[in-house]
Amino acid sequence: MRTALFLTSGLLLIASLLIVGKLFSEHFPSAPTWALTLGTILWLALTGANMWIGVTKAGYSVTEELPILLLLFAVPTAASVLVRWRFL
């Protein structure tokens, strides 16, 4: 359940940053690209912190947490790149 909530949070974060980037794109044409970059870096930091907490506090090993990190990072990032490429 935690993974699904974290994944939904990532999608909402990336979506909100892309909306803000689209709103500012009239005056700053590179705003969606900056929003995508900022969102990706921020999401990588958050998923890395989630992995760190899982390893240090919950007692999981790095090899157990790494696939979760890749899933949580890759899905919102791929969705944001797809939306940016296809619609913005």
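Buried means under 20% relative accessible area. That cut-off is used in the exercises below, which concern a predicted model.

**Exercise 1. Describe the overall make-up of the protein chain: how many helices and strands are there, and in what order do the elements run?**

Solution.
Step 1. Count the elements. The protein chain has three helices and zero strands.
Step 2. Read them from the N terminus. The order is α-α-α.
Step 3. Box the C-alpha atoms along the principal axes. The box is roughly 50 × 20 × 20 Å.
Step 4. Take the burial. Of the 88 residues, 27% count as buried.
Step 5. Look at contact range. Among contacts with a separation of 6 or more, 64% join residues 24 or more positions apart.

**Exercise 2. Compare the span of α1 and of α3 with the span expected at 1.5 Å a residue.**

Solution.
Step 1. Take α1, which covers residues 2–24. Its 23 residues reach 33 Å from first C-alpha to last. The expected value is 33 Å, so the two are close.
Step 2. Take α3, which covers residues 62–86. Its 25 residues should span 36 Å. The end C-alpha atoms lie 35 Å apart, which agrees.

**Exercise 3. Which residues of α1 and of α3 are buried, and what packs against them?**

Solution.
Step 1. List the buried residues of α1. They are Phe-6, Leu-7, Gly-10, Ile-14, Leu-17, Leu-18 and Gly-21.
Step 2. Find their cover. It includes α2 and α3.
Step 3. Recall the helix repeat. An α-helix has 3.6 residues a turn, so residues three or four places apart point the same way.
Step 4. List the buried residues of α3. They are Glu-65, Leu-69, Leu-72, Pro-76, Thr-77 and Ser-80.
Step 5. Find their partners. These residues pack against α1 and α2.

**Exercise 4. Classify the packing of α1 with α2: what are the angle, the handedness and the residue classes?**

Solution.
Step 1. Take the geometry. The helices pack at about 160°, with axes 8 Å apart.
Step 2. Apply the cut-off. Angles over 145 degrees count as roughly antiparallel. Therefore α1 and α2 are roughly antiparallel to each other.
Step 3. Add the hand. The crossing of α1 and α2 is right-handed.
Step 4. Pick out the residues. On the α1 side they include Phe-6, Gly-10, Ile-14 and Leu-17. On the α2 side they include Leu-36, Gly-39, Trp-43 and Leu-46.
Step 5. Sort by class. The contact of α1 with α2 has 14 nonpolar, seven polar and two charged residues.

**Exercise 5. Classify the packing of α2 with α3 in the same steps.**

Solution.
Step 1. Take the geometry. Helix α2 (residues 31–56) and α3 pack at about 165°, with their axes 9 Å apart.
Step 2. Name the arrangement. That angle makes α2 roughly antiparallel to α3.
Step 3. Add the hand. α2 and α3 cross in a right-handed way.
Step 4. Pick out the residues. α2 supplies, among them, Thr-40, Trp-43, Thr-47 and Met-51. α3 supplies, among them, Leu-69, Phe-73, Thr-77 and Arg-84.
Step 5. Sort by class. The contact has 13 nonpolar, eight polar and two charged residues.

**Exercise 6. Are α1 and α3 roughly parallel or antiparallel, and which residues meet?**

Solution.
Step 1. Take the geometry. The axes of α1 and α3 come within 9 Å and cross at roughly 30°.
Step 2. Apply the cut-off. Angles under 35 degrees count as roughly parallel. Therefore α1 and α3 are roughly parallel to each other.
Step 3. Add the hand. α1 passes α3 in a right-handed crossing.
Step 4. Pick out the residues. Thr-3, Leu-7, Leu-11 and Leu-18 are among those from α1. Ile-68, Leu-72, Val-75 and Ala-79 are among those from α3.
Step 5. Sort by class. The contact of α1 with α3 has 12 nonpolar, three polar and no charged residues.

**Exercise 7. Are Thr-77 and Leu-42 buried or partly exposed?**

Solution.
Step 1. Place Thr-77. This residue is in helix α3.
Step 2. Apply the cut-off. Its relative accessible area is 14%, so Thr-77 is buried.
Step 3. Find its partners. Leaving aside neighbours within four places in sequence, Thr-77 is in contact with Thr-40 and Trp-43.
Step 4. Place Leu-42. This residue is in helix α2.
Step 5. Apply the cut-off again. At 36% relative accessibility, Leu-42 counts as partly exposed.
Step 6. Relate Leu-42 to Ala-15. They are 27 residues apart in sequence and 13 Å apart in space, C-alpha to C-alpha.

Methods
Residues numbered from 1 in each chain as written. Predicted model: local features only at pLDDT ≥ 70, side-chain atom pairs only at ≥ 80, totals over all residues. Heavy atoms only, no water. Axes fitted to C-alpha atoms, helices over the stretch in contact; angles between N-to-C directions. Helix = DSSP H or I, 4+ residues; strand = E, 2+ residues; numbered from the N terminus. Parallel < 35°, antiparallel > 145°, perpendicular 65-115°, else oblique. Left-handed = near helix turned anticlockwise from the far one by under 90°. Contact = heavy atoms within 4.5 Å. Nonpolar A, V, L, I, M, F, W, Y, C, P; charged D, E, K, R; others polar. Buried < 20%, exposed > 50% of the residue type's maximum accessible area, 1.4 Å probe, protein only.
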